[in-house]
Amino acid sequence: MGLSHDAPEPHSKSEHKQLSGPELHKQRTWWKEASVYQIYPASFCDSNGDGIGDLQGIKSKVPYLASLGVDIVWLCPIYKSPQKDMGYDISDYREIHPPYGTLDDWRELKAELKKAGIRIIMDLVVNHTSDEHEWFLESKKNKTSEKRSWYIWQPPKYDEQGRRQPPNNWRSFFGAESAWEYDETTDEYFLRLFTKNQPDLNWENPKVRKAVQDIMTFWLEEGIDGFRVDAINYIAKAPGFPDAEVVEPLSPHQPAMHLYLNRPKCHKFLQELSHTVLHNYDIMTVGETPHVEEPDMALQFVHPDRDEFCMIFPWEHMDVDRVPDTLLGWRPFKLSTLKSIINKWQTTMQERGGWNSLYMENHDQGRSIPRYASDKPEFRWLSGKLLAMFLATLSGTLYIFQGQEIGMSNLPKWGIEEYSDVVSQMHYKQEKEKKQRETGVAEPDMDDVMNDLHRRARDHGRTPMPWSATLPNAGFTTGTPWRKLNPDFPVCNVESAMKHSDSVLAFWKTMLQLRKKWPTLVYGDFELLEPLDEQIFAYRRSHTGSQDAVVVMNFSDKSVQLGSSLIPADFKGELVLGNYNTAEDNSTLRQWEARLYAVGGAAK
C-alpha cells in the first residue's frame with residue numbers, strides 16, 4: 001500500500017527559488033519525513049540511583065527507541081545549569097550538567113544513537129542565560145565591565161516621591177512582576193523577560209551573536225543533527241525600551257509582548273545566524289516561537305526563501321483550551337474550533353511552501369489525553385490511539401514526547417505543594433493575589449485554579465518515565481526520584497505496553513511505520529470534511545502517485561452516525577488501521593473511535 005520512501009536528496013537554495021508553494025511543500029528532505037522523540041533528561045531513566053535521570057540512563061534505552069521506530073532524539077537542555085528553570089537557565093553551554101553525566105557520556109550516547117540509525121538534536125537557549133553564567137557574573141561587576149553590554153542594563157527611574165522604579169513598565173512573561181531586576185552593586189536594572197535568574201542577552205551586540213554562533217558550531221562539529229531553539233522570537237526588543245500602553249490601571253507592570261516579541265529585527269538576527277553557521281551543515285532547525293498565532297507570521301520564520309528555520313512549533317492548537325491573558329487558565333473548547341485551526345495551518349503551509357511541526361505534548365504542556373480526549377479508564381487507551389492517529393496522519397514533522405507513546409496521563413488532583421514548576425507556582429500566586437484584591441479574603445477558594453493546574457500544568461509532562469510496574473519507582477531509579485511518579489504506573493508503563501499487541505505503544509509503532517511507507521501521510525494535500533461537526537473530525541489526504549488516505553475520528557464519548565458525505569454507500573476504502581479490535585460498522589463510529597482508510601488504486 002502506498003510508496004516506500006527512498007532517501008531524499010538535498011536541494012539547493014537556487015533550486016527552491018524556482019518552485020511554487022505546493023512544490024516547495026512537497027520537496028523531499030530527511031527532516032520532513034522524520035519522527036522526533038523528545039527526552040526530558042531528568043525524568044527519563046536514572047542509571048546511578050541518585051534519583052535524577054542521566055545520559056547513561058538514556059543510552060540504556062536506545063534499543064527501546066529503535067524498536068519504537070523514531071528517527072531523531074531531541075534532548076531537552078543537558079548543559080551545566082543551576083536548574084532554576086529545569087535547565088533552561090544555562091551557566092555553561094559547553095559543559096554537561098553534572099547529575100546528567102559528562103561530555104564523554106554524551107559522546108557515548110550520540111554514538112549509540114547513530115549506531116541505531118537515530119539522529120540527535122539539542123535544545124539551545126540563547127535569548128537568556130543563567131545569572132550564574134560567567135558572562136553575567138562579569139557583566140554585573142561594574143558598569144565598565146567588558147561584558148556589561150552583553151546583557152541589557154538600564155538605570156532606574158524615580159517617581160514623584162523619589163522612589164526608585166524599573167526603567168519601564170514592562171511585565172515579565174512569567175507572572176505579573178516587572179521584567180526588570182534591580183542590582184545593588186551597580187544601581188541598575190537588568191532585563192529578564194522570564195525569571196529573575198534568567199537575564200536576557202543583548203542581541204544588538206555583535207559579540208553576543210558571535211558567541212552564539214561559536215556555541216552552535218561547537219555542537220555541530222560534535223556531530224549533532226540540528227537544534228530546537230528556545231524562545232527565539234524574544235531576542236529583539238523595541239529600541240529605547242518605551243513604556244507599554246496602560247491596559248491594566250491597577251497594576252504597575254503592563255503586558256508588553258508587542259515590544260519584545262516577534263520584532264522585525266529578530267528576522268535579521270536569525271538570517272545572520274543561518275548564513276554564518278547553519279548553511280554549513282545538513283541539519284534541521286525548529287524554533288520555539290510563542291504567540292506566532294497565524295500561518296502568515298510563521299512563514300516569515302519557515303519559508304525556504306527566508307533562510308531562518310526549517311519549522312517552528314505553532315501554539316494556536318495548544319492554546320485552544322487556555323483562558324486568554326492567563327498563564328495556565330483552562331477552558332473547554334469546541335471541536336470545530338480545533339478543526340478550524342488544524343485546517344488553517346495544514347492548508348496554508350501546503351499552499352505557501354512552508355512546513356509544520358506536529359505535536360500535542362512536550363515539557364511545557366499537560367498530557368494530551370485528558371486535554372483533548374478522555375482519560376476515563378474505559379476510554380483512555382482508545383483516546384491515546386485516536387490522538388496518535390490524528391497526529392501521525394497530518395502533514396509535518398512528527399514529535400512524540402516521552403510517555404506519550406504509552407498513553408501517560410496527568411497527575412491526580414494533588415495540592416499546590418506538589419507542583420514544583422516555576423510557572424505553576426506563579427500562576428497559583430498570581431491568581432490568589434487577584435482573588436484577594438477582588439474579595440478581600442485572605443485565603444480565597446482556589447479550587448478553580450487547582451483545576452487549571454490539573455489540566456494544563458507543565459508538571460504533568462515532567463514526572464519520571466514508568467518503565468515497569470515494579471515498586472516503588474517503576475524502574476526509573478533505585479533511589480529516591482527527584483519528583484513523585486504518577487501513581488498510575490502499575491497500569492501505565494513500558495513493560496506492560498510492550499507485552500500487549502493492542503497497547504497504545506503498539507499502535508504508535510504501527511503509525512510510525514505507516515508514515516515511512518505511505519508518502520500521502522507526509523506530503524499529501526489536506527481536505528477537511530464536515531468542518532462544523534462537533535463530534536467527528538475527518539479529513540482526506542491526497543498525493544500524486546500514492547493512495548489517498550481518509551481519516552475519520554469520533555472525538556466524543558457517544559456513538560455517532562456517519563453521514564453519506566463521509567462514508568457513502570459505495571465507499572471503496574480499505575480499512576488500514578483502527579483503534580478498536582472488533583469489526584467496524586461503516587455507518588457508525590463508536591466512542592472515541594478512529595479509523596484510517598486507504599482509498600483509490602494501488603500506487604504505481
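**Exercise 1. Helix α9**

Task: In this predicted model, which residues of helix α9 are buried, and which are exposed?

Solution:
- Step 1. Find the helix. α9 runs over residues 264-276.
- Step 2. Apply the cut-offs. Buried means under 20% relative accessible area, and exposed means over 50%.
- Step 3. List the buried residues. They are Cys266, His267, Phe269, Leu270, Leu273 and Ser274.
- Step 4. Place them around the axis. These buried residues cover an arc of only 165 degrees, so they sit on the same side of α9.
- Step 5. Recall helix geometry. An α-helix has 3.6 residues a turn, so residues three or four places apart point the same way.
- Step 6. Turn to the other side of α9. Pro264 and Lys268 are exposed there.

**Exercise 2. The largest pocket**

Task: Describe the largest pocket by its volume and its lining.

Solution:
- Step 1. Take the volume. The largest pocket holds about 1000 Å³ of space.
- Step 2. Look at its centre. The lining has 45 residues, and Phe173, His291, Arg322, Thr326 and Leu327 are the closest to the centre.
- Step 3. Name the elements. α8 (257-260), α11 (335-352) and α14 (422-439) each give two or more residues to the lining.
- Step 4. Sort by class. The lining has 20 nonpolar, 15 charged and ten polar residues.
- Step 5. Assign the domains. Domain 1 (33-127 + 206-508) and domain 2 (134-191) each supply at least three lining residues.

**Exercise 3. The loop between α15 and α16**

Task: What backbone features do Pro472 and Ala474 show, and is Gly479 buried or exposed?

Solution:
- Step 1. Start with Pro472, in the loop between α15 and α16. A cis peptide bond joins Leu471 to Pro472, with omega about 0 degrees.
- Step 2. Move to Ala474, in the loop between α15 and α16. Its phi is near 55 degrees, a positive value in a residue other than glycine.
- Step 3. Check burial of Ala474. Its relative accessible area is 0%, so Ala474 is buried.
- Step 4. Go on to Gly479, in the loop between α15 (447-456) and α16 (494-499). Its relative accessibility is 16%, so Gly479 counts as buried.

**Exercise 4. Asp187**

Task: Where does Asp187 lie, and what is its phi?

Solution:
- Step 1. Locate Asp187. The residue is in the loop between β9 (180-183) and β10 (188-191).
- Step 2. Read the angle. Phi of Asp187 is near 55 degrees, positive in a residue other than glycine.
- Step 3. Check accessibility. At 32%, Asp187 counts as partly exposed.

Key. Residues are numbered from 1 along each chain as its sequence is written. This is a predicted model: local features need pLDDT of at least 70, side-chain atom pairs count only at pLDDT 80 or more; totals for chains, interfaces and linings use all residues. Side-chain values use heavy atoms; hydrogens and water are left out. On a 1 Å grid over the protein atoms alone, a cavity is a set of points where a 1.4 Å probe fits but cannot get out, and a pocket is an open set with protein on both sides within 12 Å along at least five of seven lines; lining residues have an atom within 4 Å of a point. Grid points are joined across faces, edges and corners, and a volume is the space filled by probe spheres set on the points. Helices (H or I, at least four residues) and strands (E, at least two) are DSSP runs, numbered from the N terminus. Ala, Val, Leu, Ile, Met, Phe, Trp, Tyr, Cys and Pro count as nonpolar, Asp, Glu, Lys and Arg as charged, and the others, Gly among them, as polar. Domain bounds come from an automatic or database domain assignment. Buried means under 20% relative accessible area, exposed over 50%, partly exposed in between (1.4 Å probe, protein chains only). The arc is that of the directions from the helix axis to the C-beta atoms.
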